[in-house]
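This report walks through a few features of one model, beginning with a single side chain and moving outward from there. Please keep the structure in view while reading.

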Amino acid sequence: MKIKMLTGDITRVEAGAVVLGLFEEDKKLWGDLARAEKALEGAVSRLIKSGQISGKRGRMTALSSLGKLPAEWVIVAGLGKKKELSQDAIRGLAAEVGRLLSKKAVKKVAVGLLGAAEAGIDATAAVQAITEGALLGTYTFRKHKTKKEDDAEIKELIIVAEDGLPVLKKAARRGEIIARAAILARDLVNEPANFMTPGHMADTAAKLAEDHDLDLELLEKDKMQEMGMGGLLGVSQGSYQPPKFIILRYKGKKSGGVDLALLGKGITFDSGGISLKPSTKMEEMKTDMAGGGAVLAAMSAIAQLKPAINVIAMVPAAENLPSGGALKPGDVITAITGKTIEIISTDAEGRLILADALGYAAKSGVKNIVDVATLTGAVRIALGSVCTGAFGNDQKLVDAVVAAGASGGERIWPMPMYEEYGEQNKSDVADIQNVGGRLAGAITAAKFLGEFVGDVPWVHLDIGGTGTADKDSGQLVKGATGVPVATLVNLALGMAAGSRR
Ligand code: BES
Ligand code: ZN
Ligand code: ZN
């Protein structure tokens, strides 16, 4: 889909369909819809009166223009109540419209700003949200289908505003870069684990480095041994696939250290290892590298948007499988910081590989750390798939991450980190154990991670519930969500704008 920004009268645009908004409480037609109404000789009002068209949020009505407008179809999109319209709602509406029109095989779509001005929403925010919604909402993963479905793709989206073209073009560009990064993350996560191995993740990072002028450093097994990455080595030892520790660097300013480290769990398949998972839905565990995928994808967007900060990404990547050489419950391993860990469950592997990444990042003197992981099923029990859980040791950074999420349409909820939760991770034989019992599983997992960051401001995002979606809704489609790419990119942009460095 190509995105174009235009100013002028949308009813004059030649397209397969023009999309115009209608509020639930609208008694009189306004703006573009009023103009279209004139050309359609009063049809819209009549259909509203007879109840065929409604402004309820998400209600879409398609009217044939019968040759009275240059566009073939007029889509009246229900915007809901004016005071309830938000940037998020606009993003969701653009996604729903996109899905509807791709099913109708419409190739070229013109859309207005969906009530933004009337509801007091900034035009740039609306343009960015429409771009993101349309791209994300029409996403499909068809790589492994042999039947091609070219027909179902919208080729061109024209966003039509009244004026202010230069700033709106910038907003559309920002939206497109962020959405395409989230789409990249989705592609990586949806990819089956026989393709998406740790080696393939490393190749993907190498390609991103080349395309976007990032620095790549790849640590292989011998280097991991030298550095004492006992967590990553331990988890990978049951698999034929060699582990990779992937590092990407973005330099947005000449001097100073690394402002932000983005770390992502890169378990390309989580069978549970010797603590084998039940086979039902085990196929979903190909998505256990969603944190790593999001971090790599976010770096590609950061490299294009060029905020004036320095960012490093680290993705420990491995496959968690059982074998004669696999890690066993009761084993003790030593992480990069020298801390010893008793393995209670080999299925609590994410925290083991992240211990090494967090320890490495903290040791290398970065100023802020955000890690992203499909770390626990427990976060799903706590928060469902509605929001991501945030855990941290620094309220300011937690607040910045939550705010970055809010502006990108990604909900994040802060979770408590009381000392007492940490006690559940105490081991009889080692410094710490990798399971903290049944209660508060997402928090004890976060507490475990917190043992490896020292005093560095750190936030952990558990996307165990939000990394994948089980149905289409708004900008999300069934499968990988690309969460929290927008959050990470917005955080970097916000830091560069001076809110935190
Ligand atoms: N990758 C899983 C967590 C997960 C499960 C994410 C389902 C998304 C959907 C993680 O490695 C895991 O298995 N965690 C265990 C931890 C337990 C053994 C302490 C869990 O949550 O059951
Ligand atoms: Zn696991
Ligand atoms: Zn896992």
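## A buried glutamate and its neighbour in sequence

In this predicted model, Glu 349 has a relative accessible area of 1% and is therefore buried, since the cut-off for that class is under 20%. Asp 347, by contrast, has a relative accessibility of 24%, so that this residue counts as partly exposed.

## The zinc site

Both residues take part in binding a metal: the zinc ion (ligand 2) is coordinated by Glu 349 through OE, by Asp 347 through both O and OD, and by Asp 270 through OD, at 2.0 to 2.2 Å. Along the sequence, the donor residues of this zinc ion follow the spacing D-x76-D-x1-E.

What geometry does the site of the zinc ion (ligand 2) have? With 6 donor atoms and angles among them of 71 to 167°, the site is classed as irregular. Ideal angles for six octahedral donors would be 90 or 180 degrees. A second metal also belongs to this picture, as the zinc ion (ligand 3) lies 3.2 Å from the zinc ion (ligand 2), and Asp 270 coordinates both.

## A three-stranded sheet

Elsewhere in the description is an open sheet of 3 strands, ordered E12-E13-E17 and mixed in its pairing. Strand E12 (332–334) and strand E17 (432–433) form the edges, each of them pairing on one side only.

Strand E13, which covers residues 340–342, pairs with E17 in the parallel sense over 2 bridges. Within this pairing, Ile 341 has Ile 432 of E17 as its bridge partner. In general, the strands of a sheet pair through backbone hydrogen bonds.

How values were computed:
Residues are numbered from 1 along each chain as its sequence is written. Chains are lettered from A and ligands numbered from 1 in the order in which they are written. This is a predicted model: local features need pLDDT of at least 70, side-chain atom pairs count only at pLDDT 80 or more; totals for chains, interfaces and linings use all residues. Side-chain values use heavy atoms; hydrogens and water are left out. Two strands pair if DSSP finds at least two bridges between them. Helices (H or I, at least four residues) and strands (E, at least two) are DSSP runs, numbered from the N terminus. Donors are N, O and S atoms within 2.8 Å of the metal (3.2 Å for Na, K and Ca); water is not among the atoms, so sites may look incomplete. Four donors count as tetrahedral if all angles lie between 85 and 135 degrees; four count as square planar and six as octahedral if opposite donors are over 155 degrees apart and all others between 65 and 115; anything else is irregular. Buried means under 20% relative accessible area, exposed over 50%, partly exposed in between (1.4 Å probe, protein chains only).
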